[in-house]
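Biologist: Could you take me through this structure slowly, term by term? I would like to hear what stands behind each word.

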Protein chains: 2
Amino acid sequence: MTRQLEPVTFRPIGVVRSPFADPDGMPIQASGAGGARGTIEVDPALADGLAGLEGFSHLVLIYHLHRVRRPRLVVTPFLDTETHGIFATRSPARPNAIGLSTVRLLAVRGTTLEIADVDVLDGTPLLDLKPYVPAFDDRPGARIGWFEGRAERAGETVSDDRFR
Amino acid sequence: MTRQLEPVTFRPIGVVRSPFADPDGMPIQASGAGGARGTIEVDPALADGLAGLEGFSHLVLIYHLHRVRRPRLVVTPFLDTETHGIFATRSPARPNAIGLSTVRLLAVRGTTLEIADVDVLDGTPLLDLKPYVPAFDDRPGARIGWFEGRAERAGETVSDDRFR
């Protein structure tokens, strides 16, 4: 398999600006971010790629969790006191520090996107931006392992520096 | 901004095996894949990261769209006859060729994951794997721009080689 695991390099398409300079106290999920506002500064060279984006109420952001220094395979996530395999969690300290958030799109002004429900650090390098489409992305009734009875607490739980 | 757009390199965590050797005829979305089966071969060095995964019915896959050769900023997507900015579509020919699919998890056997609703090419390098949690990932009632009246046709539409 190792032959197929060659490194892949991406150049960020932009940067996310948010009120969160530090992991301490940051919302742990966009759904629990209570409306926190931010902006996306898209690389002006990619401006043509934004045509039609204003028709969507939500965007899926895929980004580099650029402050994670040390990936771990087993973690105690913010929402539990027991350990879980990193791939069974949404914790940032992943082998590949890739983050995923669905945020609200408030306005498109040139290559600046105004967004809400932001749960990422200020200065986060954005790797991709996709329109959120419930018919593609929703799986109501999914079984959620250890998150059962805990996922809804995401809005009361904030980040700390445990995954730095 | 350019100073913050330094390249980011990831090493795949595994490979997706699917029935689709070629983009021609492949499902265009996991939700339209009609149950197509596949497997994920996770790098054995990451085995400990899978603990607890079997409690989840769905996984979010983030992967390298490794067969895209030429990114475009404006595309005619599979579901429309008009052009749209690439970031207002789910088309693969993106500036960063990153794919996102939510698949069903059928079984975990060591570092092999059996999955269904697969809409990716055989040999796709997997970058990250997250548990799907509706409370984090669902936004019912989202406004979906040009997908309105078209998203539900994803199950009747298959891929072709236009984005190669």
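Modeller: What follows is a set of questions about the words used for this structure, each with an answer.

Biologist: How do you know which parts of the model may be discussed, and how are they labelled?

Modeller: This is a predicted model, so local features need pLDDT of at least 70 and side-chain atom pairs count only at pLDDT 80 or more, while totals for chains, interfaces and linings use all residues. Residues are numbered from 1 along each chain as its sequence is written, and chains are lettered from A and ligands numbered from 1 in the order in which they are written.

Biologist: Let us start with one chain. What makes up chain A, in helices and strands?

Modeller: Chain A has 1 helix and 9 strands. Both are DSSP runs numbered from the N terminus: helices are H or I with at least four residues, and strands are E with at least two. Along chain A the order is β-β-β-β-β-β-β-β-β-α, starting at the N terminus.

Biologist: What makes the radius of gyration of chain A agree with that of a compact globule?

Modeller: The radius is taken over C-alpha atoms, and the globule rule is 2.2 Å times the number of residues to the power 0.38. For 164 residues a compact globule would come out near 15 Å, and chain A has 16 Å, which agrees. Along the principal axes, the C-alpha atoms of chain A fill a box of roughly 45 × 40 × 35 Å.

Biologist: Which strands form the closed barrel in chain A?

Modeller: The barrel has 6 strands, in the order β2-β3-β8-β7-β4-β9, with antiparallel pairing. From one strand to the next, the twist averages 45°; axes here are lines fitted to C-alpha atoms (for helices, over the stretch in contact), and angles run from 0 to 180 degrees between N-to-C directions.

Biologist: Why are β4(A) and β9(A) called a pair?

Modeller: Two strands pair if DSSP finds at least two bridges between them. β4(A) and β9(A) are antiparallel and joined by 5 bridges, so they pass that test. One bridge takes A:Tyr63 to its partner A:Leu126 in β9(A).

Biologist: And which strands make the barrel of chain B?

Modeller: In chain B, a closed barrel of 6 strands runs β2-β3-β8-β7-β4-β9, with antiparallel pairing. Within this barrel, β7(B) and β8(B) (residues 112–116) are antiparallel over 5 bridges, and B:Ala107 has B:Glu114 as its bridge partner in β8(B).

Biologist: Why is B:Thr102 called buried?

Modeller: Buried means 20 or more other C-beta atoms within 10 Å of a residue's own, exposed means 12 or fewer, and partly exposed lies in between, with C-beta atoms placed from the backbone. B:Thr102 has 21 such atoms, so it counts as buried. This residue belongs to strand β7 (residues 98–109) of chain B. In chain A, 51% of the 164 residues count as buried.

Biologist: What does B:Thr102 touch beyond its neighbours within four places in sequence?

Modeller: Its contacts include A:Asp137 and A:Arg139 from chain A, and B:His58 and B:Val60 from chain B. A contact means that the C-beta atoms, placed from the backbone, lie within 7 Å.

Biologist: What makes the phi of A:Asp117 worth a remark?

Modeller: Most residues other than glycine have a negative phi. A:Asp117 is not a glycine, yet its phi is positive, about 65°. A:Asp117 sits in the loop between β8 and β9 of chain A, and 22 other C-beta atoms within 10 Å make it buried. B:Asp117 also has a positive phi, of about 70°.

Biologist: How do you know that a two-fold axis relates the chains?

Modeller: A turn of 180° with a shift of 0.0 Å along the axis lays chain A on chain B with an RMSD of 0.0 Å, and that is the relation of a two-fold axis. The superposition is by least squares on the C-alpha atoms of residues with pLDDT of at least 70 in both copies. In chain A, the C-alpha nearest the axis belongs to A:Thr9, 2.1 Å from it.

Biologist: How do you know that the copies meet through the same surface?

Modeller: 100% of the interface residues of chain A are also interface residues in chain B, so the surface is the same. In numbers, 68 residues of chain A are in contact with 68 residues of chain B. β9(A) gives the most to that side of chain A, with 6 residues. Across the chains, 3 bridges join β1(A) to β1(B) (residues 8–10), and these strands run antiparallel. There, A:Phe10 has B:Val8 as its bridge partner.

Notes
Contact = placed C-beta atoms within 7 Å.
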